[in-house]
Amino acid sequence: MNLRSSWALVKGLWLSWLQYRSFFFILAFGWMIPPLIYMLVWYTAAGDQGLAGFTRGEFAAYYLVLILVNQITFAQTNWTVGDMIRTGQMNQILLRPIHPIMDAVAAEFAGKLVYLIFDVPIVALLALLLQPQMDFQALNGLLFIPALLMAWALRFFWGYWLALLAFWATSADALLTLQDTLMFLLAGQVAPVALLPGALQTAAIVLPFRSMVAFPVEVLTGRLNGTDLLTGFAIQAAWLAAAVILYRLVWTRGLRHYAAIGG
């Protein structure tokens, strides 16, 4: 696809989604609730003395950035792929003169635009009330961009290949639910990864879930030094490569197995 046709697809989907913006705003608000709850818990626990190297302002900064990163990286289309395969709607996408992955990516981009219309003002208001603090440097801002892009790509492709297992199973939603549960525990949502106990902290660093959410948050808020940054990017890139390879394998073999009437 060229850029012109790609943008036309995004624009069409965005205009379609705006017709149901109230529904998507409710979804976005629902996704904000858990991070807000844990932010208030840690914000209160830190008190005036701080907790485990975090001050109140640093907890506020961490979770406000996490709210935005979590919604930007969340891949909502992964939850629809299984239904499209099961009901035969995948037929329509396969007949289009574009690769099906481009349709999903366009829907992702359009969805992010709708969600951010709601998210950014809310986070800005909370920032005025809570006065977040972080060790921000220009380098952190520059490194945050590739970290965020790879986090979204990893979360998208990892969920996409799991969803494609619907080529063989009735539904892959259980695997996606398990993924979200592990992300809730290991992606820095319940607590920053630095506050997790030993075994959980090691699992969070080694497994892909921290790379999907917590890592770009830690980059922007200045929680990582040079060695930790290099290690984090290396782990993120390795898992992203694995996710793309798994997607290609499952897609190729699943498409050979796929058969549907109607759609």
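These questions and answers walk through a predicted model, from its overall make-up to single side chains.

Local features need pLDDT of at least 70 and side-chain atom pairs count only at pLDDT 80 or more, while totals for chains, interfaces and linings use all residues. Residues are numbered from 1 along each chain as its sequence is written, and side-chain values use heavy atoms, with hydrogens and water left out.

Me: How many helices and how many strands does the protein have?
Reply: Helices (H or I, at least four residues) and strands (E, at least two) are DSSP runs, numbered from the N terminus. From that end on, the elements run α-α-α-α-α-α-α-α-α-α-α-α. The count is 12 helices and zero strands.

Me: What share of the residues is buried?
Reply: Buried means under 20% relative accessible area, exposed over 50%, partly exposed in between (1.4 Å probe, protein chains only). The protein has 263 residues. Buried ones make up 46%.

Me: Among contacts between residues at least 6 apart in sequence, what share joins residues at least 24 apart?
Reply: Contact means heavy atoms within 4.5 Å. Pairs at least 6 apart in sequence form the base of this count. Those at least 24 apart come to 81%.

Me: Which backbone oxygens does the side chain of Gln-236 reach?
Reply: Gln-236 sits in helix α12 (residues 226-257). It counts as buried because its relative accessibility is 0%. Its polar contacts (pairs of N or O atoms within 3.5 Å; within protein, one must be able to donate a hydrogen and the other to accept it, and residues adjacent in sequence count only if both atoms are side-chain atoms) run at 3.0 Å to one backbone oxygen and at 3.0 Å to another. The oxygens belong to Ala-147 and Ser-211.

Me: Which residues is Gln-236 in contact with, leaving aside neighbours within four places in sequence?
Reply: Ala-147 and Ser-211 are among them. The full list is Pro-146, Ala-147, Met-150, Ala-151, Ser-211, Phe-215 and Pro-216.

Me: Which side chain makes a polar contact with the side chain of Thr-73?
Reply: Thr-73 is found in helix α3. Its relative accessible area is 0%, so Thr-73 is buried. Leaving aside neighbours within four places in sequence, its contacts include Lys-112, Leu-148, Trp-152 and Met-212. The polar contact, at 2.9 Å, goes to Arg-155.

Me: Which residue forms a salt bridge with Glu-58?
Reply: A salt bridge is a side-chain nitrogen of Lys or Arg within 4 Å of a carboxyl oxygen of Asp or Glu. The whole structure has two. In this one, Glu-58 lies in helix α3 (residues 56-73) and its partner in the loop between α11 (214-220) and α12, 165 residues apart. With closest N and O atoms 3.7 Å apart, the partner is Arg-223.

Me: Are Arg-210 and Glu-218 buried or exposed?
Reply: Arg-210 forms a salt bridge with Glu-218, with the closest N and O atoms 2.6 Å apart. Relative accessibility is 8% for Arg-210, so that residue counts as buried. Glu-218 has 7%, so its class is buried.

Me: Over which ring does Arg-223 lie?
Reply: A charge sits over a ring if NZ of Lys or CZ of Arg is within 6 Å of the ring centre and within 35 degrees of the ring normal. Arg-223 is partly exposed because its relative accessibility is 33%. At 3.8 Å from the ring centre, it lies over the face of Phe-54.

Me: Which residues do ring pairs link into a cluster with Phe-54?
Reply: Rings of Phe, Tyr and Trp (its six-membered ring) pair if their centres lie within 6.5 Å; planes under 30 degrees apart count as stacked, over 60 as edge-to-face and the rest as tilted. A search of the whole structure finds 15 such pairs. Those linked with Phe-54 are Trp-42, Phe-59, Tyr-62 and Tyr-63.

Me: At what angle are the ring planes of Phe-156 and Tyr-160?
Reply: Both residues lie in helix α7 (residues 138-163), four residues apart, about one turn of the helix. Both are buried. Their ring centres are 5.4 Å apart, and the pair is tilted because the planes meet at 35°.

Me: What separates the C-alpha atoms of Ala-52 and Leu-195?
Reply: Ala-52 is in the loop between α2 (21-46) and α3. It is exposed because its relative accessible area is 55%. Leu-195 is 143 residues away along the chain, yet the C-alpha separation is 6.9 Å.
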